[in-house]
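Visitor: I'd like to go through this one and ask how each label was earned.
Guide: Sure, have a look first, then ask away.

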Amino acid sequence: MGQFAVIGLGRFGAATSLELMRLGHSVLGLDGDSRAVDLVAEQLTRAAIADVTDRNALAELGLDEYDVVLVAIGEELQASLVCTVHLKSLGVKNLWVKASSRAHHLILNKLGVSRIIHPEEEMGIRIAQVLSYPMVTDYIALGNGDFVVEIEASDHLAGHTLGDALTTDPPGQIQALLVKRQGKHTIHPPEQFVLQPKDTLILFGPLQQLKMAAPKLR
Ligand code: ATP
């Protein structure tokens, strides 16, 4: 279980906090607006109203002990930057900050934060990729062109074996890691595994090979 602090409980910060809780982590949420805190307080491990540009308020919270501190204040540039400077000076090592403009990104980069997030752009790219391959319901880029993708088997694959569905050239380039069927998981299914409608496949392979296999999977 990780320990996360989310600063700024707008739509982005609140959604991230709630998903972290759902994934079994501990989350401290902070916001200067009591309405934003009230909306999620009961669902988080801890939530507090605080002006995060106030160094003393941040110092009391022991934020350097957290695995990651996420600053989810996009629009109020000054608040985001002042808070980031304080968190760095308080010894927060793993600091992720949402940026809302190029200038914001540039300054955060100079401040040496661990990761700068552009939610709109990152989501836009993700949506375009999923739109382009509609059977892909989710994916993780592993770097070096390797991906793990989640695919819902189309009806026409029913009755075919995984081996048929995943033919590659050279063979064996795509590996099926898991098949989910009605809540049951088959880990490392064999090539002879026969697919049924609504099966969900988790596949691993290089993007090139996944693209080549896409027409069959569609
Ligand atoms: P989102 O797009 O995520 O909904 P937003 O654009 O509506 O965010 P932001 O300006 O990015 O709003 O701020 C996100 C949250 O950060 C808001 O709930 C706001 O109250 C909070 N916030 C802004 N400044 C401070 C501050 N100095 N101290 C504490 N919280 C702050």
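**How the labels are earned**

Guide: Let's start with the ligand: the space it takes is the second largest pocket. Keep in mind that this is a predicted model.

Visitor: Which residues surround the ligand most closely?
Guide: The ligand has 20 residues around it, and the closest are Arg11, Phe12, Asp31, Gly32 and Gly74. To be counted as near, a residue needs a heavy atom within 4 Å.

Visitor: What is the make-up of that shell around the ligand?
Guide: Eight of its residues are nonpolar, five are polar and seven are charged. Gly goes in with the polar ones by definition.

Visitor: What makes the pair between Lys98 and the ligand a polar contact?
Guide: The cut-off is 3.5 Å between N or O atoms. A polar side-chain atom of Lys98 is 3.3 Å from a ligand oxygen, so the pair counts. Backbone atoms do this too: a polar one of Arg11 lies 2.7 Å from an oxygen of the ligand, and for Gly74 the distance is 2.6 Å.

Visitor: How much of the ligand does the protein bury?
Guide: On its own the ligand exposes 630 Å², and the protein buries 81% of that.

Visitor: Now Leu95. Why is Leu95 called buried?
Guide: Buried means under 20% relative accessible area. Leu95 has 1%, so the label fits.

Visitor: Where does Leu95 lie?
Guide: In strand 5, which covers residues 95–98. Leu95 and Val71 are 24 residues apart in sequence, with their C-alpha atoms 7.7 Å apart in space.

Note on methods
Residues are numbered from 1 along each chain as its sequence is written. This is a predicted model: local features need pLDDT of at least 70, side-chain atom pairs count only at pLDDT 80 or more; totals for chains, interfaces and linings use all residues. Side-chain values use heavy atoms; hydrogens and water are left out. A polar contact is a pair of N or O atoms within 3.5 Å; within protein, one must be able to donate a hydrogen and the other to accept it, and residues adjacent in sequence count only if both atoms are side-chain atoms. Accessible areas come from the Shrake-Rupley method with a 1.4 Å probe; for residues, only the protein chains shown count as cover. On a 1 Å grid over the protein atoms alone, a cavity is a set of points where a 1.4 Å probe fits but cannot get out, and a pocket is an open set with protein on both sides within 12 Å along at least five of seven lines; lining residues have an atom within 4 Å of a point. A molecule sits in a cavity or pocket if more than half of its atoms lie within 2 Å of its grid points. Helices (H or I, at least four residues) and strands (E, at least two) are DSSP runs, numbered from the N terminus. Buried means under 20% relative accessible area, exposed over 50%, partly exposed in between (1.4 Å probe, protein chains only).
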